[in-house]
Amino acid sequence: SRRAAGMNAKKGIYNIVFGILGQALTVVFAIIVPKVIIEYYGSEVNGLLSSISQILVYLGLFEAGVGTASLQALYQPIAEGGKKDINSILSATNKYYKRTSKLYFAALVVFSVIYPFVVKNSLNTFLVMALIFFGGLGNVVNFMYQGKYKILLQAEGKSYIVTNITTIVNVLINVGKIILIIAGFQVLAVQVVFFAFNVLQMALFEIYIHKNYGWIDLSVEPNEAAISQKNSVLIHQISTLVFSNTDVLVLSVFSGLKVVSVYTVYNYIYSTVLNLFNTVNNGLVFYLGQNYHKGKEHFIHIYRVFELDITVFGYYVFTVIGVLTLPFMNLYTKNMTDYNYIDKLLPVLFLTIQLLSIARFASNNLINIAGHFKKTQSRSIAESAINLIVSFLAVYKFGIYGVLIGTIVAMVYRTNDMIIYANHRILQTSVISSYRIMIVNILTAVLCMILFYDKIHWAGSYMLLIGAGIVYGIIILGIFLAVNLICNWNLMKTNFSMVKQLIKRKIAC
């Protein structure tokens, strides 16, 4: 219906706007906080905190599977307005999350005791234990209380609510961290603040759900069959987490915490911007999910437009980031004297990884929406295996380059596999359109890097760098738009029509 379409468009806009605002703040703090940590505590502490964060992600495997499976199960009852079915799915989700929180807590205690003896460092053993424990305790609260509510809000297209609450809490956490560090508090106090504000986040979710979803009843008979694919999703999540965190783990064992610090400083830039696209993606994917069952031709049209938009926008932004990385690092690491952070090859390798990540956003969404978790789990395992094997072999000779090469090799395989699978097995269409979008924009990104990379030597201050970013950003945007208007005219024309209709609708209101 027209009204439903208008509401979905409104939700999508809210999700994107608030998501971008939240991620912009995250980017700012992701730049400031590590710099403050390195300058006040040193590269070793920064490397330790980064490696702890990555390990805690692995402990999150206890939750993995149920979230995505529940999200996929909720799309249809939400589209049909079936509150009874929604409650039964949420009841099953809640039951699983409660069990998860207990398992996670036990694993956290074990990890806190063992980890300080595995990684070489000069820090106090009991301090490292406490840092790990308080760093992971917030996730126990998350699994126990708010995990199920986040999934419901995402399935309904209200990711902006999740984003806003998370943004408020993240701002408080990071401001608190900076104040404590500069005031001379020990690093443990910083981690305790992180946990305290996670409790606040739980309270905010409880208040919102109680006020707006009084009909939720978690005591009904749980529909565990609806989330029966959680184990297949779990295998995907394990593979993804192994894949995503291999680099830090391999470097922490074979290269030391200072090299981990170099990796994480560069990775902060690219992974934080990638989170921006995850936010945009999560803000729109509900629309794909709710339209998947409404006719094949209609869905394919929506899918192609989404695929083009996320690819063009993603490649454009990351190309600008790639051009600006070196001059930014020169300014950012000026007072970091305990290790050399400047490396001309690292931005190119990190950029390559992100371009491959963006290329698979649309196909990954489609695989999840279609529920093809079990059918694709072996492919996901293969990606992680390739990454681990190549990284372990290459790190000895190439160090930090070796682990990045391992990631790139694995992503080349899996990105192509996802694109082919989504088109042939799910949409049952030709793969040509997807490859045209990807190849055209990869070549455009390469052209821009050849023209502009390592050319901003004159940017000796942050203000000059911002000015350079605006100028180069406009030029690169023009190049991307011109190329896609020529090579992807039909889909670009659809974009213009959609914007025109949205403006007309707003004027009519």
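**Helix geometry, packing and backbone features**

The protein contains 17 helices and zero strands. The model is predicted. Of its 509 residues, 54% count as buried. Among contacts in the protein with a separation of 6 or more, 84% are accounted for by residues 24 or more positions apart.

The largest nonpolar core comprises 131 residues, of which Phe277 and Phe318 touch the most other members. The greatest contribution to this core comes from helix 10, residues 296–332, which gives 18 residues. With neighbours within four places in sequence set aside, phenylalanine 277 is in contact with Ile310, Phe313, Gly314, Val317, Phe318, Ile358 and Phe361. A second core, separate from the largest one, has six residues, including Leu308, Val312, Ile437 and Met492.

Two helices were examined for their end-to-end span. Helix 6 covers residues 159–182; at 1.5 Å a residue, its 24 residues should span 34 Å, and the end C-alpha atoms are 34 Å apart, which agrees. After helix 6 comes glycine 184, with a positive phi near 100 degrees. Helix 14 covers residues 400–427, and its 28 residues should span 40 Å at 1.5 Å a residue. The end C-alpha atoms of helix 14 lie 39 Å apart, in agreement with that expectation. A bend of about 30 degrees is nevertheless present in helix 14 at tyrosine 421.

Helix 14 packs against helix 15, residues 432–452, at an angle of about 150 degrees, and the two axes are 9 Å apart. On the side of helix 14 the contact is made by Thr415, Asn416, Ile419, Ile420 and Asn423, and on the side of helix 15 by Ser434, Tyr435 and Met438. By residue class, this contact consists of four nonpolar residues, four polar residues and no charged ones.

Asparagine 441 also belongs to helix 15. Its relative accessibility is 0%, and asparagine 441 therefore counts as buried, the cut-off for that class being under 20%. Not counting residues up to four places away in sequence, asparagine 441 touches Thr311, Val312, Tyr315, Phe480 and Asn484. Of these, Val312 is also listed in the second nonpolar core.

Positive phi values were also found in the loops on either side of helix 15. Most residues other than glycine have a negative phi. Glutamine 428, just after helix 14, has a positive phi of about 55 degrees although it is not a glycine. This residue is found in the loop between helix 14 and helix 15. Glutamine 428 counts as exposed because its relative accessibility is 59%, where the class requires over 50%.

Aspartate 454 is another residue other than glycine with a positive phi, in this case near 60 degrees. Aspartate 454 lies in the loop between helix 15 and helix 16, the latter spanning 462–487. The relative accessibility of aspartate 454 is 22%, so this residue counts as partly exposed.

Key
Residues numbered from 1 in each chain as written. Predicted model: local features only at pLDDT ≥ 70, side-chain atom pairs only at ≥ 80, totals over all residues. Heavy atoms only, no water. Helix = DSSP H or I, 4+ residues; strand = E, 2+ residues; numbered from the N terminus. Expected span 1.5 Å × (residues − 1). Bend = angle between axes of the 7 residues up to and from the residue. Axes fitted to C-alpha atoms, helices over the stretch in contact; angles between N-to-C directions. Contact = heavy atoms within 4.5 Å. Nonpolar A, V, L, I, M, F, W, Y, C, P; charged D, E, K, R; others polar. Core = buried A, V, L, I, M, F, W, Y, C linked by side-chain atoms within 4.5 Å. Buried < 20%, exposed > 50% of the residue type's maximum accessible area, 1.4 Å probe, protein only.
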